[in-house]
Amino acid sequence: MNIDWIIPCRYAEVHDNLATIIGAGVDTWWVPAFPAPIQVLIAVRLLATRDELGPEHDHTVRNIVRDTSGNQLSDLQHTFQAGLPDEVAAARADWLTGIEVVTVVQFEASEPGAYGFEHIVDGSSKSVPLHVLLAPPAGGAPSTSVD
């Protein structure tokens with residue numbers, strides 16, 4: 001099983017293996033102060049052969065979040081089994097089959113900068129940056145003058 005793509009987004013859902021994604025590609029969060037809780041949905045498309053989708057195959061997934069220095073903030077891992085109805089699997093015997101899923105990433109940003117998210121399935125890996133910045137004060141842009 002391989003990862004085709006991962007997309008950070010504001011909202012995502014999967015129905016009948018079709019993903020609906022809103023705010024696709026969001027990569028910057030403006031926060032009023034640090035530390036700041038961050039939550040982002042990640043839409044994921046996996047590709048697999050028919051043989052990999054049977055209930056006899058366990059797949060391992062890991063989600064790793066790194067801080068601005070590259071240190072690991074979290075590393076969550078679990079196993080899952082994917083499956084298709086027999087008639088769908090038979091119709092796609094010679095094709096890679098796409099499977100859409102949504103995962104939630106949560107972490108506490110302790111400082112401004114680029115955090116990282118890595119999604120790993122069976123050794124296939126994709127990463128995206130998640131930028132967290134201090135929001136300008138309400139009612140105006142940050143000052144650029146030097147006293």
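Select A48 in strand β5 and T97 in strand β8: the bridge partner of A48 in β8 is T97. Strands here are DSSP runs (E, at least two residues), helices are DSSP runs of H or I with at least four residues, and both are numbered from the N terminus. Residues are numbered from 1 along each chain as its sequence is written. The structure is a predicted model, in which local features need pLDDT of at least 70, side-chain atom pairs count only at pLDDT 80 or more, and totals for chains, interfaces and linings use all residues, while side-chain values use heavy atoms, with hydrogens and water left out.

**The whole chain**

Colour the model by pLDDT, the predictor's confidence in each residue, from 0 to 100. The protein averages a pLDDT of 88, and 87% of the residues score at least 70. Then select residues 143-147, where the pLDDT is below 50 and where the model has 0 contacts beyond near neighbours in sequence. A contact means heavy atoms within 4.5 Å.

Switch to a cartoon view. The protein has 1 helix and 10 strands, and along the sequence they follow the pattern β-β-β-β-β-β-β-α-β-β-β. Among contacts with a separation of 6 or more, 67% are between residues 24 or more positions apart.

**The sheet β1-β5-β8**

Select β1 (2-9), β5 (36-48) and β8 (97-109). They form an open sheet of 3 strands in the order β1-β5-β8, with antiparallel pairing. Two strands are said to pair if DSSP finds at least two bridges between them. The edge strands are β1 and β8, each of which pairs on one side only. On average, neighbouring strands of this sheet are turned by 25° against each other, direction ignored; the axes are lines fitted to C-alpha atoms, for helices over the stretch in contact, and angles run from 0 to 180 degrees between N-to-C directions.

Look at each pairing in turn. Between β1 and β5 there are 7 bridges, and I3 has L46 of β5 as its bridge partner. Between β5 and β8 there are 13 bridges; besides the pair selected at the start, V44 has V101 of β8 as its partner.

How many residues of β5 are buried? The number is 10 of 13, so β5 is largely enclosed by the rest of the structure. Buried means under 20% relative accessible area, exposed means over 50%, and partly exposed lies in between (1.4 Å probe, protein chains only).

**The nonpolar core**

Show the side chains of M1, F107, F117 and L130. Of the 27 residues in the largest nonpolar core, these four touch the most other members. A nonpolar core is a set of buried Ala, Val, Leu, Ile, Met, Phe, Trp, Tyr and Cys residues joined through side-chain atoms within 4.5 Å. Strands that each supply at least two residues of this core include β4 (28-31), β6 (59-66), β9 (113-121) and β10 (124-134). The strand that gives the most is β5, with 7 residues. In soluble globular proteins, nonpolar side chains tend to be buried together.

Centre the view on M1. Leaving aside neighbours within four places in sequence, M1 is in contact with residues including L46, A48, I99, V121 and F80.

**F80 and the hairpin of β6 and β7**

Move next to F80, which is found in strand β7. F80 is partly exposed, with a relative accessible area of 22%. Residues more than four places away in sequence that F80 touches include M1, L46, H59 and V121. F80 and T60 are 20 residues apart in sequence, yet their C-alpha atoms are 6.6 Å apart in space.

Now follow β7 (residues 72-80), which runs antiparallel to β6 and is joined to it by 8 bridges. R62 has Q77 of β7 as its bridge partner. The hairpin has 5 residues between the strands, and G70 takes a positive phi near 90° there.

**Three loops**

Select P35, in the loop between β4 and β5. A cis peptide bond joins F34 and P35, with omega of about 0°.

Go on to N17, in the loop between β2 (11-15) and β3 (18-22). N17 has a positive phi of about 60° although it is not a glycine, and it is partly exposed, with a relative accessible area of 29%.

Finish at D122, in the loop between β9 and β10. D122 also is not a glycine and has a positive phi, of about 50°. D122 is partly exposed, with a relative accessible area of 36%.
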